[in-house]
Amino acid sequence: MAAVVVSGMRPTGRLHLGHYLGTLKQWLKLQRTSRCFFFVADWHALTTGIGSSQEIRENTEEMVADWLAAGIDPQAAVLFRQSDVKQHAELHLLLSMVTPTPWLIRNPTVKEQARELGMIRSDEESEMVKITYGHLGYPVLQAADILMYQATGVPVGVDQVPHVELTRDIARSFNSYFGAVFVEPEPLLAESPKVPGIDGRKMSKSYGNAVFLADSPEQIDAKLSRMMTDPRRVRRNDPGDPDVCPAFNLHRIYCSPDEIAFVTEGCRTAGIGCLECKKIMIRHVIEEIAPLGDARRRWIEKRPLIGEVLGKGSEKAREVAEATMGKVRSAMGLAQAPEG
Ligand code: TRP
Ligand code: SF4
C-alpha cells in the first residue's frame, strides 16, 4: 500500500527556524516519496483562541507563504485549509460517538496546552471543567483530519504523539462497531534537532526569541549575534564549554566537522571570542534562510495566488474526503449527502 501522509499546522502566522528545522524539512522530504496532505488547522486554532478568530485569515496567508517559500510544492502535495473541507466537521461528530470521555480527560497534550495558556492551574481532573467542549475534543478533530485521508503516517513532534495514539484508538473503536473502515496511522517522528531561541529557551513566537524565516539577513545576523552563550564566558579570556552553550546547538546543525572542531577547541581554550564563534554559524543560517525570504516576498506580493493554491488543494481534498465519508455513512447506515 502506498504511503499516505497527513499533517496540519495551526495558523500561528510567520514560521520560525524551529518550525523549519523540525517540521518543514520533514514535509519537504515526504512530499517527494508519499501522497501528502498538508493543511492549515484553522478550526483547531479556535479551540484555544476563540478571541483571535479575526486573525486566522491573515495568519493563514503568512504561514502558507512560508510553506511555499520553503519549497512545499502544491503540485506534489495537496495543500488546503481544514475549514474548506466541511467533511472534517461531520467526521469529527461521528467519531465523537465512539470516543469514551476518559480518553479525552486523561489526554496529556490538551492539559499541557491549557496549563501553558493559563486556562487551568494543575493537572487535577477537577480543573477540566474549565476546558471547553471544543478544546476537550481537539484530538477527536485531529483524528478526523488524519483518518479522513486513510493516512498511514503522520509527521509530528514528540508532544503530538499522544494524539496519533488516540487517533489509532478511535479508528479501532470505530472499526469494532462498523467494520474495517479506517487505517491505523503511525506517528513519523522527525529527528528534530534542539532549536533554542536567542535567549536559550525553546524557540517560540510567544517568547519573543525567534528567528523568522521572513527575517532579512541583517535581522538574522543581529538576532543571532545577541544569542545567549555559555554564561561562564564573562570575559574574552574566560574558557567555556560548547555543551552548555545554547548558540552551539545551531553550530551542531549548521557547521562542518572541521568548523565544529575549531570552535570547540577555541571555546575551551578561550582562543576565540563568542561573537567570532557565532559568526561562523550565522553565515550558514543566512545561506539557508535568505533565499526563502526572497521567495516569500514574491508570494506575498501576489497574495491572491496563495488563496488560489489553497482553493485548488481544497477541491482535491474534498474529493478524497467525500469518498471516505461515503464509506463511513454507509458503514453506519446513515443517509448519503443530498445531491447538489
Ligand atoms: N495538533 C497539531 C499541532 O498542534 C496540528 C494538527 C491538527 C495536526 N490536525 C492534525 C497534525 C493532523 C497532524 C495531523 O501541531
Ligand atoms: Fe558558545 Fe562559541 Fe561562545 Fe563557546 S565560544 S560559549 S561555543 S558561542
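In this predicted model, a nitrogen atom of ligand 1 is 2.9 Å from an N or O atom in the side chain of Gln142, and the protein covers 92% of the 370 Å² of accessible area that ligand 1 has on its own. Ligand 1 takes up the space of the largest pocket, whereas ligand 2 takes up the space of the largest cavity. The points below go through each ligand site and then the second largest pocket.

**Ligand 1 and its shell**

- Besides Gln142, the side chain of Arg10 has a polar atom 2.9 Å from an oxygen atom of ligand 1, and the side chain of Tyr138 has a polar atom 2.8 Å from a nitrogen atom of ligand 1.
- These three residues, together with Asp145 and Gln160, come nearest to ligand 1 among the 13 residues around it.
- The space taken by ligand 1 is the largest pocket, and the elements that give two or more residues to the shell are strand S1 (4–9) and helix H8 (138–147).
- Helix H8 supplies the largest share of the shell around ligand 1, with 4 residues.
- Sorted by class, the shell around ligand 1 holds 6 nonpolar, 5 polar and 2 charged residues.

**The largest pocket, where ligand 1 lies**

- The largest pocket contains about 2,000 Å³ of space, and of the 50 residues that line it, Arg10, Thr12, His19, Asp159 and Lys202 are the closest to its centre.
- Arg10 thus appears in two descriptions, as one of the residues that come nearest to ligand 1 and as one of those closest to the centre of the largest pocket.
- At least two lining residues each come from S1, helix H1 (17–33), helix H2 (42–48), helix H3 (55–70), helix H6 (108–116), H8 and strand S4 (153–156).
- Helix H1 gives the most to the lining of the largest pocket, namely 5 residues, while H8 gives the most to the shell around ligand 1.
- The lining of the largest pocket is made up of 19 nonpolar, 22 polar and 9 charged residues.

**Ligand 2 and the largest cavity**

- Around ligand 2 stand Thr229, Asp230, Arg233, Cys245, Phe248, Cys267, Cys274, Cys277 and Lys278, which by class are 5 nonpolar, 1 polar and 3 charged residues.
- Helix H13 (residues 274–301) contributes the most to this shell, with 3 residues.
- A search of the whole structure finds 1 cavity of 30 Å³ or more, and the largest cavity, whose space ligand 2 takes, has a volume of about 90 Å³.
- The residues that line the largest cavity include Pro242, Ala247 and Val263, and the elements that give two or more residues to the lining are helix H12 (257–268) and H13.
- Helix H13 also gives the most to the lining of the largest cavity, with 3 residues, and the lining as a whole has 8 nonpolar, 1 polar and 3 charged residues.

**The second largest pocket**

- The second largest pocket has a volume of about 280 Å³, and Leu21, Lys25, Gln26, Lys29 and Glu191 lie nearest its centre among the 14 residues that line it.
- Helix H1 and helix H11 (248–254) are the elements that give two or more residues to this lining, with H1 giving the most, 6 residues.
- Helix H1 is therefore the leading contributor by the counts for the second largest pocket, and its lining divides into 7 nonpolar, 3 polar and 4 charged residues.

Definitions and conventions
Residues are numbered from 1 along each chain as its sequence is written. Chains are lettered from A and ligands numbered from 1 in the order in which they are written. This is a predicted model: local features need pLDDT of at least 70, side-chain atom pairs count only at pLDDT 80 or more; totals for chains, interfaces and linings use all residues. Side-chain values use heavy atoms; hydrogens and water are left out. A residue is near a molecule or strand if one of its heavy atoms lies within 4 Å of it. On a 1 Å grid over the protein atoms alone, a cavity is a set of points where a 1.4 Å probe fits but cannot get out, and a pocket is an open set with protein on both sides within 12 Å along at least five of seven lines; lining residues have an atom within 4 Å of a point. A molecule sits in a cavity or pocket if more than half of its atoms lie within 2 Å of its grid points. Ala, Val, Leu, Ile, Met, Phe, Trp, Tyr, Cys and Pro count as nonpolar, Asp, Glu, Lys and Arg as charged, and the others, Gly among them, as polar. A polar contact is a pair of N or O atoms within 3.5 Å; within protein, one must be able to donate a hydrogen and the other to accept it, and residues adjacent in sequence count only if both atoms are side-chain atoms. Accessible areas come from the Shrake-Rupley method with a 1.4 Å probe; for residues, only the protein chains shown count as cover. Grid points are joined across faces, edges and corners, and a volume is the space filled by probe spheres set on the points.
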